[in-house]
Amino acid sequence: MEKQSLMASMKASISEVMETMFFLPLEFEDGGDIKEIIRSADGGTVACKLAFSGPFSGFSCFLIPVKVAQGLTASFLGEDIARVTEEQTAGTVKEILNMVTGKAFSLYDNQAVFKLGIPEIMPPTKWPHLWTKDVKEVMNLYVNTADGDFGLGLVILP
């Protein structure tokens, strides 16, 4: 696994998905701590995890403030934000992570076969514990948008 190439694939993937589906241009903040999103989000955070296996295994994660996730969901569904349900928001977050992860692996190596699990929403309080487990590599992207910041992580397991 080549870390720089995988990070470039992650950036390209999330940019493509967010710009295509939500017309949301992104900027990446080097050195940003995605766990800070949990601590600083006014109104809470939606945290999603997606396990994968293939040439290397681990999980991808997506951390996004609830208000930002609700706004993206409303935009995607063409609904007023006040009418967006928690289930709809969770569904949007899961689908974003699924698409971003799949696209990133395809860009990284279009010949490799990766098996993606089912995205799951997790309570933000469980997230700090994921990074304390025995891991081989952790890669994080801190993303700035006009609507708010969010984070994407990739954890490679031994």
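Student: What makes β1 and β6 a pair in this predicted model?

Tutor: Two strands pair if at least two bridges are found between them. Strand β1 (residues 27-29) and strand β6 (residues 137-144) have three bridges, so they count as paired. The sense is antiparallel, and one bridge joins Glu27 to its partner Asn144 in β6.

Student: How do you know that β6 and β7 pair as well?

Tutor: By the same rule of at least two bridges. β6 and strand β7 (residues 150-156) have seven bridges, again in the antiparallel sense, so this is a pair too. Look at Met139, whose bridge partner in β7 is Leu154.

Student: And what lies between the strands of that hairpin?

Tutor: Five residues lie between β6 and β7, and Gly148 in this hairpin takes a positive phi near 145°.

Student: Where do these strands sit in the order of elements along the chain?

Tutor: From the N terminus, the order is α-β-α-β-β-α-α-β-β-α-β-β. That gives five helices and seven strands. Because strands are numbered from the N terminus, β6 and β7 are the two that close the order.

Student: Why is 44% of the chain called buried?

Tutor: A residue is called buried because its relative accessible area is under 20%. Of the 158 residues, 44% count as buried. As for the surface, the chain exposes about 8100 Å², with carbon and sulfur atoms supplying 50% of it.

Student: What share of the contacts joins residues at least 24 apart?

Tutor: Contact here means heavy atoms within 4.5 Å. Among contacts between residues at least 6 apart in sequence, 68% join residues at least 24 apart.

Note on methods:
Residues are numbered from 1 along each chain as its sequence is written. This is a predicted model: local features need pLDDT of at least 70, side-chain atom pairs count only at pLDDT 80 or more; totals for chains, interfaces and linings use all residues. Side-chain values use heavy atoms; hydrogens and water are left out. Helices (H or I, at least four residues) and strands (E, at least two) are DSSP runs, numbered from the N terminus. Buried means under 20% relative accessible area, exposed over 50%, partly exposed in between (1.4 Å probe, protein chains only). Accessible areas come from the Shrake-Rupley method with a 1.4 Å probe; for residues, only the protein chains shown count as cover.
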